[in-house]
There are 2 protein chains.
Amino acid sequence: VRIDLAYDGTAYAGWQVQPGQRTIQGTLEALLERLQGGERSPLRGAGRTDAGVHARGQVADALVTLRHDDARLGHALSRLLPRDIRVVALRTVDPAFDARRDARAKTYVYRIDRSAHGDPFLARFALHVPWALDRERIEEALVVLPGRRDWSAFTAAACEVEDRVRHLTEARLVDAGPGEQRFVFTADGFLTHMVRALAGTLLEIGRGRMTTGELRAALECGDRTLAGPTAAARGLVLEHVRY
Amino acid sequence: VRIDLAYDGTAYAGWQVQPGQRTIQGTLEALLERLQGGERSPLRGAGRTDAGVHARGQVADALVTLRHDDARLGHALSRLLPRDIRVVALRTVDPAFDARRDARAKTYVYRIDRSAHGDPFLARFALHVPWALDRERIEEALVVLPGRRDWSAFTAAACEVEDRVRHLTEARLVDAGPGEQRFVFTADGFLTHMVRALAGTLLEIGRGRMTTGELRAALECGDRTLAGPTAAARGLVLEHVRY
């Protein structure tokens with residue numbers, strides 16, 4: 001089955017199962033195991049979201065042995081899951097479907113609370129940035145980003161992935177109602193912390209602490225220390241996975 | 001000083017100080033006491049919100065002894081408060097100002113998540129109502145509500161207020177983007193659980209389990225058992241206080 005999920009990641013140590021930690025994948029797998037009378041069904045998720053990161057459009061697949069129809073299984077999962085994880089859709093798909101490998105593009109959104117005082121209703125879901133941001137400088141930097149390139153300057157130092165080339169096809173800043181702005185990034189894949197490092201760098205540029213020239217240099221040298229800081233996890237949402 | 005506050009009430013046992021409980025008023029008073037080197041400044045809040053109820057426009061007053069200017073004090077409070085309580089504004093006012101008694105009208109909003117699966121980003125802030133609601137039946141019932149009357153049928157059984165007459169001036173259902181609807185109620189004052197009982201009753205009417213006739217009967221008899229259930233606290237927000 002293919003399972004489309006939305007979650008508030010605040011209370012979780014990310015998507016991926018980790019011993020002794022509460023994770024999204026772990027919570028779902030434990031529930032499936034319970035529903036299947038002890039039989040395990042490992043899940044594969046399209047995006048391995050970090051601790052505190054949210055999702056509106058996470059996609060996972062699992063080989064389930066239950067004979068429920070799709071609607072009934074989706075309903076059973078939703079009823080038994082905590083309120084911060086929701087099954088948006090569940091359907092039987094081709095057994096060859098691989099939620100991770102078949103993903104053609106992912107869209108992440110980074111939410112910024114622009115209110116002066118900080119909106120308590122966004123505290124779990126956005127980074128509070130009350131200071132002035134130069135929109136023109138940010139737009140100028142956003143133009144530089146799209147393309148197929150090595151993103152070494154925008155990934156966690158510990159990242160052990162060898163191929164760091166990804167094709168970024170969308171990098172935008174949009175207004176989302178009064179008091180909120182959002183970065184939107186789409187790529188064929190993202191490295192660990194890549195979106196948060198991009199958001200952190202763009203915010204430094206908006207604040208006048210970095211320049212688009214420095215951003216270009218970071219991209220060219222592939223040196224993480226030349227890019228801006230990794231923005232807090234709570235602003236990040238896995239918005240959509242395209243197949 | 002007059003302090004305008006916004007808060008996510010999920011983690012609090014309501015506005016009012018209660019021994020051994022974490023409350024909004026208690027958190028603020030403890031912080032003021034700390035800033036004033038042990039000197040206490042009791043707060044008066046316009047609305048005594050219940051456990052789990054939120055606010056965008058709560059207003060409180062306090063006699064502070066700090067010699068900070070308003071902006072600096074507001075800033076100091078905001079920096080030291082947890083992220084789920086925010087000082088939206090702080091200003092010196094006439095010493096006669098009483099946030100509770102001087103309030104001329106209050107507006108409460110009750111938020112309803114109308115998505116099929118339940119939006120995890122609204123789980124703390126809205127009641128999930130996935131079933132069909134008959135908008136026409138609700139609108140018909142909303143017309144009956146405004147006016148100056150005894151609201152005994154819409155208050156907690158334990159409510160010991162003697163005067164249960166309040167003047168309701170606004171009762172509406174509005175669409176708030178895709179997947180969300182909101183009840184909006186304005187009155188010169190509200191009884192304990194009044195908005196939640198109104199929301200619960202209107203949802204029963206929308207679902208076809210109660211009629212506007214039964215609503216009228218409840219209003220006339222003042223019998224709490226004739227009205228609908230008290231809707232969950234998490235959907236309720238103190239939106240605005242007018243002076």
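This passage looks at how chain B and chain A meet in a predicted model, and then at a helix and a strand inside chain A.

Start with the place where the two chains touch. Chain B puts 21 residues into the contact, and chain A puts in 21 residues too. A handy way to size up such a meeting place is the accessible area that goes missing when the parts come together. Here, the area buried between chain B and chain A comes to about 1,800 Å², with carbon and sulfur atoms giving 63% of it. On the chain B side, the residues that lose the most area to chain A are His117(B), Pro120(B) and Phe121(B), and together they make up 38% of what that side buries.

What about charges? Between chain B and chain A, the count is 2 salt bridges. Asp119(B) forms a salt bridge with Arg56(A), and the closest N and O atoms of this pair sit 3.6 Å apart. As for polar contacts across the interface, 0 residue pairs turn up when both residues must have pLDDT 80 or more. Strand 1 (2-7), strand 3 (54-62) and strand 4 (85-91) of chain B are the elements that each give two or more residues to the side touching chain A. Sorted by class, that side of chain B holds 10 nonpolar, 3 polar and 8 charged residues.

Now for the inside of chain A. Helix 2 (residues 70-80) of chain A has Leu73(A), Gly74(A), Ala76(A), Leu77(A) and Ser78(A) buried. In an α-helix there are 3.6 residues a turn, so residues three or four places apart point the same way. The cover over the buried residues of helix 2 of chain A includes strand 1 (2-7), helix 1 (24-35) and strand 4 (85-91) of chain A.

Strand 5 (residues 105-113) of chain A is mostly covered, with 9 of its 9 residues buried. Side chains in a regular strand alternate between the two faces of the sheet. In strand 5 of chain A, one side carries Ala105(A), Thr107(A), Val109(A), Arg111(A) and Asp113(A), the other carries Lys106(A), Tyr108(A), Tyr110(A) and Ile112(A), and both faces are covered.

Which strands pair with strand 5 of chain A? Strand 9 (residues 180-187) of chain A runs antiparallel to it over 8 bridges, and Thr107(A) stands opposite Thr186(A) there. Strand 10 (residues 236-242) of chain A is also antiparallel to strand 5, joined by 6 bridges, with Leu238(A) as the bridge partner of Tyr108(A). Strand 6 (residues 127-128) of chain A runs parallel to strand 5, with 2 bridges joining them, and Ile112(A) stands opposite Leu127(A).

Note on methods
Residues are numbered from 1 along each chain as its sequence is written. Chains are lettered from A and ligands numbered from 1 in the order in which they are written. This is a predicted model: local features need pLDDT of at least 70, side-chain atom pairs count only at pLDDT 80 or more; totals for chains, interfaces and linings use all residues. Side-chain values use heavy atoms; hydrogens and water are left out. Contact means heavy atoms within 4.5 Å. Buried area is the accessible area (1.4 Å probe) that two parts lose on being put together, summed over both. A salt bridge is a side-chain nitrogen of Lys or Arg within 4 Å of a carboxyl oxygen of Asp or Glu. A polar contact is a pair of N or O atoms within 3.5 Å; within protein, one must be able to donate a hydrogen and the other to accept it, and residues adjacent in sequence count only if both atoms are side-chain atoms. Helices (H or I, at least four residues) and strands (E, at least two) are DSSP runs, numbered from the N terminus. Ala, Val, Leu, Ile, Met, Phe, Trp, Tyr, Cys and Pro count as nonpolar, Asp, Glu, Lys and Arg as charged, and the others, Gly among them, as polar. Buried means under 20% relative accessible area, exposed over 50%, partly exposed in between (1.4 Å probe, protein chains only). Two strands pair if DSSP finds at least two bridges between them.
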